[in-house]
Amino acid sequence: FTILHVHSLAKYEPHLANYWPIEKSHSHDLIGLQHLTSRVPTFVQDRHGALFGAIRVTGEMDYWSAPPGVYFGQNLTVMGWIKVYDASKFNRFFDFGNGPAQDNVLIFSEWRVHPESLHFYTSPSGSSYSDCNSFLPLRLNVWFHVAASQSGTEAKVYVDGVLKSTCTNMTPVRNVLRTKNYIGKTNWIAQPYTYGDFDDIKFFSRALSQAEIQAEMNSSILEI
């Protein structure tokens, strides 16, 4: 994989808006300074074998949160690495919004249902929503990379750098303040937490190409 020095990140990709690399028990956002926090922070081994190089969610007390912020506009890409240990319907990888069905931007899985799938979902307000989904069989105890991009009304979903779905009727994402921003937790009370590990989470302010997503999937930083 490509190694990048932290001081070269902004020059390397000026549209990189938020980057949580998770290194050495740090959950800092190196770009937007929107640092992740948890009431019971747990750091675990990452996909390269580095200790304290990923964050873990196991239940109600130890999900991770990002501060209120304006994270998204009409053009965006979100991505990260995840390793799931126990899957159920509506497992959230991340959910940034202002409550249930209030400007949510999220990725979730539907496992242990038929067909099993991965969803990139936006919900501007009330009952309106857009959902771009792709077939994804249950994958437990292995690291895999998920990414989604949106440009205007077109969204794409990728798994391990492979394009899985293209949707052309998405509602544009609103450029608003979001105050309830979670990793491994949902804004919908009745839906489950994700028991899993998370690493190298990145938000961009433009829709990246497949080649760019593959390059990001295989990049890391040198220091923090």
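Visitor: To begin with Gln214, what is its relative accessibility, and how does the residue count?

Guide: Gln214 has a relative accessibility of 33%, so it counts as partly exposed, lying between the 20% limit for buried and the 50% limit for exposed. Please keep in mind that this is a predicted model.

Visitor: In which helix does Gln214 lie?

Guide: Gln214 belongs to helix H2, which runs over residues 210–217.

Visitor: And how far apart are the C-alpha atoms of Gln214 and Tyr158?

Guide: Their C-alpha atoms are separated by 9.5 Å, while the two residues are 56 positions apart along the chain.

Visitor: Let me step back to the overall architecture. How many helices and strands does the protein chain have?

Guide: There are two helices and 16 strands in the chain.

Visitor: What share of the residues is buried?

Guide: The chain has 224 residues, and 54% of them count as buried. Its accessible surface amounts to about 9600 Å², with 53% of that area belonging to carbon and sulfur atoms.

Visitor: What about contacts between residues at least 6 apart in sequence: which part joins residues at least 24 apart?

Guide: Of those contacts, 64% join residues at least 24 apart in sequence.

Visitor: On to internal space. How many cavities of 30 Å³ or more are there?

Guide: The structure holds two of them. The largest has a volume of about 110 Å³, and the second largest contains about 50 Å³ of space.

Visitor: Which residues line the largest cavity?

Guide: The lining consists of Val78, Met79, Gly80, Trp81, Ile82, Phe93, Phe94, Ile107, Val146, Ile183, Phe198 and Ile201. Strands S6 (75–86), S7 (89–97) and S15 (195–204) are the elements that each give two or more residues to this lining.

Visitor: Which of them gives the most?

Guide: S6 does, with five residues.

Visitor: How do the lining residues of the largest cavity divide into nonpolar, polar and charged?

Guide: Eleven are nonpolar, one is polar and none is charged.

Visitor: And the second largest cavity, what lines it?

Guide: Its lining is made up of Asp103, Asn104, Val105, Thr122, Ser123, Pro124, Thr171, Pro172, Val173, Arg174 and Arg178. Here the elements that give two or more residues are strand S8 (102–110) and strand S9 (117–125).

Visitor: What is the division into nonpolar, polar and charged there?

Guide: For the second largest cavity, the lining residues divide into four nonpolar, four polar and three charged.

Visitor: Coming back to S6, what does Asn75 in that strand touch?

Guide: Leaving aside residues up to four places away in sequence, Asn75 touches Gln150, Ser151, Gly152, Phe204, Ser205, Arg206 and Ala207. Taking Gly152 from that list, the C-alpha atoms of Asn75 and Gly152 are 6.1 Å apart in space, although 77 residues separate the pair in sequence.

Visitor: Is Asn75 buried or partly exposed?

Guide: Asn75 has a relative accessible area of 34%, so it is partly exposed.

Visitor: New topic: disulfides. How many are found in the whole structure?

Guide: The search finds one disulfide. Cys132 and Cys167 form it, with their sulfur atoms 2.2 Å apart.

Visitor: Which parts of the chain does that pair link?

Guide: The disulfide links distant parts of the chain, 35 residues apart: Cys132 is in strand S10 (residues 128–135), and Cys167 is in strand S13 (residues 162–167).

Visitor: What is the handedness of the link, and are Cys132 and Cys167 buried or exposed?

Guide: The link of Cys132 and Cys167 is right-handed, with 85° about the S-S bond. Both Cys132 and Cys167 are buried.

Visitor: Last topic, the backbone. What is the phi of Asn141?

Guide: The phi of Asn141 is near 65°, a positive value in a residue other than glycine. Asn141 sits in the loop between S10 and strand S11 (143–151). With a relative accessible area of 45%, Asn141 is partly exposed.

Visitor: And what is the phi of Asp160?

Guide: Asp160 is not a glycine, yet its phi is positive, at about 55°. Its place is in the loop between strand S12 (154–159) and S13. Asp160 has a relative accessible area of 28%, so this residue is partly exposed.

Note on methods. Residues numbered from 1 in each chain as written. Predicted model: local features only at pLDDT ≥ 70, side-chain atom pairs only at ≥ 80, totals over all residues. Heavy atoms only, no water. 1 Å grid on protein atoms, 1.4 Å probe; cavity = no way out; pocket = protein on both sides within 12 Å on 5 of 7 lines; lining within 4 Å. Points joined across faces, edges and corners; volume = space filled by probe spheres on them. Helix = DSSP H or I, 4+ residues; strand = E, 2+ residues; numbered from the N terminus. Nonpolar A, V, L, I, M, F, W, Y, C, P; charged D, E, K, R; others polar. Buried < 20%, exposed > 50% of the residue type's maximum accessible area, 1.4 Å probe, protein only. Contact = heavy atoms within 4.5 Å. Areas by Shrake-Rupley, 256 points an atom, 1.4 Å probe, with all protein chains shown as cover. Disulfide = S-S within 2.5 Å.
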